[in-house]
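This briefing is intended to be read alongside the sequence and the structure displayed below. The points are grouped by topic.

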Amino acid sequence: FVCEAECPSGFEGVGGRCSRPGTSPSIRITEPKEGGELDAALDFTLAVEIEHFQLNPDFPNDPVDGQGHWHWFIDDVYQAGVSDTEITADPLEAGCHVLKVDLRQNNHEAVDPPVSHQVSVYSTDGGPTICIVSPPAGETVEPGEIAVAVDVRDFVLDDTVTDGHGHWHVWVDEAEADDHFMTESGTVTIPNETGPHRIKAELVDNNEDPLVPPRSATVTVASP
């Protein structure tokens with residue numbers, strides 16, 4: 001292992017190796033853009049820009065420093081390993097999603113230190129959508145009551161009993177909270193239990209019935 005103090009002049013210690021500043025591997029999603037809107041009926045292009053890292057289509061294989069491929073994920077669910085800088089992906093289910101990419105060695109292990117990038121996108125089919133914008137996925141939250149903010153589109157939050165109007169419910173770890181909300185902000189109680197907790201928000205009409213098809217969003221947070 002190389003620490004920064006042991007690297008020659010003009011080099012820096014990165015991931016146990018000496019490298020010139022500005023030459024560390026990087027990956028960035030260039031398409032779709034952060035906050036982009038996609039058509040839920042159409043395939044979409046996922047494109048990345050990679051620097052200081054050689055893509056190798058021959059994987060899995062023995063690791064070679066500075067060489068490998070990338071993995072991509074939808075909402076933290078692994079999709080595939082890729083050795084090109086652009087792919088065509090199947091349509092995304094209507095709602096909000098997080099697309100994430102990270103660099104991998106030839107043997108599928110993450111590069112050291114990890115290198116990743118993610119963007120949030122909206123997929124629409126013309127119907128209502130709800131997305132949880134806070135807390136963000138992966139955030140560490142303390143037990144107790146926390147604020148939850150959502151982004152609702154093509155749906156009116158009020159008490160009118162008619163199509164296209166209603167409110168939202170929230171769950172933690174599949175347990176539904178007692179409250180419902182008619183604005184884009186609410187609260188939920190995180191249990192006093194260490195580990196991951198799943199927050200779910202779902203649109204319902206003012207008869208308390210879920211929409212058809214259901215419209216919901218989830219994020220997973222961590223409790224220390």
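**Briefing on selected sites**

Asparagine 56 occupies the loop that runs between β6 (54-55) and β7 (67-74). The model is a predicted one. The points below treat this asparagine, then two cysteines, the largest pocket and finally alanine 177.

**Asparagine 56**

- With a relative accessible area of 14%, asparagine 56 falls under the 20% limit and is therefore classed as buried.
- Its side chain reaches the backbone nitrogen of aspartate 58 at a distance of 3.1 Å.
- The side chain of asparagine 56 also forms a polar contact of 3.2 Å with the side chain of glutamine 67.
- Leaving aside residues up to four places away in sequence, asparagine 56 touches Gln67, Gly68, His69, Ser83 and Asn106.

**Cysteines**

- Searching the whole structure yields 0 disulfides.
- Cysteine 96 has a relative accessible area of 23%; because this value lies between the limits of 20% and 50%, the residue is partly exposed.
- Cysteine 131 is buried, because its relative accessibility of 1% is under 20%.

**Largest pocket**

- The largest pocket holds about 810 Å³ of space.
- Its lining comprises 31 residues, of which Asp75, Cys96, Val98, Thr218 and Val219 are the closest to the pocket centre.
- Cys96 thus appears in two topics: it is partly exposed, and it is among the lining residues closest to the centre of the largest pocket.
- At least two lining residues of the largest pocket come from each of the strands β10 (95-105), β11 (116-124), β12 (129-134) and β19 (216-223).
- By residue class, the lining of the largest pocket consists of 15 nonpolar, 9 polar and 7 charged residues.

**Alanine 177**

- Alanine 177 is part of strand β16, which covers residues 175-181.
- The relative accessibility of alanine 177 is 24%, so the residue counts as partly exposed, the range for that class being 20% to 50%.
- Not counting residues up to four places away in sequence, alanine 177 touches Val170 and Trp171.
- A separation of 39 Å lies between the C-alpha atoms of alanine 177 and isoleucine 27, two residues that are 150 residues apart along the chain.

Definitions and conventions
Residues numbered from 1 in each chain as written. Predicted model: local features only at pLDDT ≥ 70, side-chain atom pairs only at ≥ 80, totals over all residues. Heavy atoms only, no water. Helix = DSSP H or I, 4+ residues; strand = E, 2+ residues; numbered from the N terminus. Buried < 20%, exposed > 50% of the residue type's maximum accessible area, 1.4 Å probe, protein only. Polar contact = N/O pair within 3.5 Å; in protein donor to acceptor, adjacent residues only side chain to side chain. Contact = heavy atoms within 4.5 Å. Disulfide = S-S within 2.5 Å. 1 Å grid on protein atoms, 1.4 Å probe; cavity = no way out; pocket = protein on both sides within 12 Å on 5 of 7 lines; lining within 4 Å. Points joined across faces, edges and corners; volume = space filled by probe spheres on them. Nonpolar A, V, L, I, M, F, W, Y, C, P; charged D, E, K, R; others polar.
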